Amino acid sequence: MLTIVLIDDDPISTFVTEKLISKNVKEPCQFYKYQSAKRALEEIPEIKPHYLFLDLNMPEMNGWDFLDKFQPQDEDAQIYILSSSVDERDISKASQYRIVKDYLSKPLIKKYIKHIFN
């Protein structure tokens, strides 16, 4: 079973992402959804996700703060930034984090899902 963590303060975006992945990925998935990056950071070591989708613009702790503090125990966790920002500076900054696999713009689309899960 695939373990997927969604970190986004927008519950509608999280709902859409979860439904799209569930419909288009053949393997069964277990989702962990967080509106708080800070809380996710505390619980992720026990979850050991295969995939993590991270929003950038969130209150309290944003996506960049999360990436700066996140110490993956398992190199298998693939992190994708899923953001509504199309700012080139954000895209460039994301590429400087070796743990970030890709920068995707919201909403998640079928083409991205095929790229990620195949």
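## Strands β3, β4 and β5

In this predicted model, L52 stands opposite I79 of strand β4, and the strands β3 and β4 run parallel, joined by four bridges (strands pair if DSSP finds at least two bridges between them; helices, H or I of at least four residues, and strands, E of at least two, are DSSP runs numbered from the N terminus). On β4 there is also Y80, whose bridge partner in β5 is D102, and β4 pairs with β5 (residues 100-105) in the parallel sense over five bridges.

Of the six residues of β4 (78-83), five are buried, where buried means under 20% relative accessible area with a 1.4 Å probe, protein chains only.

## The residue D55

D55 lies in the loop between β3 (51-54) and α3 (63-69), and D55 is buried because its relative accessible area is 4%. The side chains of D55 and K106 are joined by a polar contact of 3.5 Å, a polar contact being a pair of N or O atoms within 3.5 Å of which, within protein, one must be able to donate a hydrogen and the other to accept it, while residues adjacent in sequence count only if both atoms are side-chain atoms.

## The residue W64

W64, found in helix α3, is likewise buried, at 11% relative accessibility.

## Basis of the values

Residues are numbered from 1 along each chain as its sequence is written, and side-chain values use heavy atoms, with hydrogens and water left out. Local features need pLDDT of at least 70 and side-chain atom pairs count only at pLDDT 80 or more, whereas totals for chains, interfaces and linings use all residues.

Definitions and conventions
Buried means under 20% relative accessible area, exposed over 50%, partly exposed in between (1.4 Å probe, protein chains only).
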